[in-house]
Amino acid sequence: MAKVVGAVTIDRDRCKGCDLCVVACPTDVLLLQPKEVNDRGYHFAFPANPEACIGCASCAMVCPDGCIEVYRVKVDTNS
């Protein structure tokens with residue numbers, strides 16, 4: 001039986017920390033970096049709980065700057 005898991009990548013240099021992706025994620029994968037800022041001075045989003053990603057791409061759809069890419073991978077659970 002195969003299971004679909006997701007993976008999210010964020011371009012932290014372009015992220016302006018608008019928090020839309022954090023709110024849109026149904027599985028609480030993303031958070032804003034509380035202590036670090038990018039070169040533009042923004043607290044950027046990062047995958048705080050990456051194993052919970054289901055690959056729905058809600059975060060990528062709401063990102064106004066196109067900083068997020070979501071991948072879906074089938075994992076064989078019979079191993």
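Contact here means heavy atoms within 4.5 Å of one another. The model is a predicted one, in which local features need pLDDT of at least 70 and side-chain atom pairs count only at pLDDT 80 or more, while totals for chains, interfaces and linings use all residues. Residues are numbered from 1 along each chain as its sequence is written, and side-chain values use heavy atoms, with hydrogens and water left out.

**Exercise 1. The core around Val8**

Which residues does Val8 touch, not counting residues up to four places away in sequence?

Solution. Applying the contact criterion, Val8 touches Val29, Leu30, Pro47, Cys53, Cys59, Ile68, Glu69 and Val70. Next, consider the largest nonpolar core, a nonpolar core being a set of buried Ala, Val, Leu, Ile, Met, Phe, Trp, Tyr and Cys residues joined through side-chain atoms within 4.5 Å. The largest such core has 15 residues, and Val8 is among those with the most contacts inside it, along with Ile10, Cys21, Val29, Leu30, Cys59 and Ile68. The elements that give two or more residues to this core are strand S1 (2–10) and helix H1 (20–24), where helices (H or I, at least four residues) and strands (E, at least two) are DSSP runs numbered from the N terminus.

**Exercise 2. Two residues of one loop**

Are Gln33 and Tyr42 buried or partly exposed?

Solution. Gln33 is found in the loop between strand S2 (30–32) and strand S3 (45–47), and Tyr42 is likewise found in the loop between S2 and S3. Buried means under 20% relative accessible area, exposed over 50%, and partly exposed in between (1.4 Å probe, protein chains only). Gln33 counts as buried because its relative accessibility is 14%, whereas Tyr42, with a relative accessible area of 33%, is partly exposed. Leaving aside neighbours within four places in sequence, Gln33 is in contact with His43, Phe44 and Phe46. Tyr42, not counting residues up to four places away in sequence, touches Cys15, Lys16, Gly17, Glu36 and Val37.

**Exercise 3. Separation along the chain and in space**

What distance separates the C-alpha atoms of Tyr42 and Leu32?

Solution. Along the chain, Tyr42 and Leu32 are 10 residues apart. In the model, their C-alpha atoms are separated by 9.4 Å.
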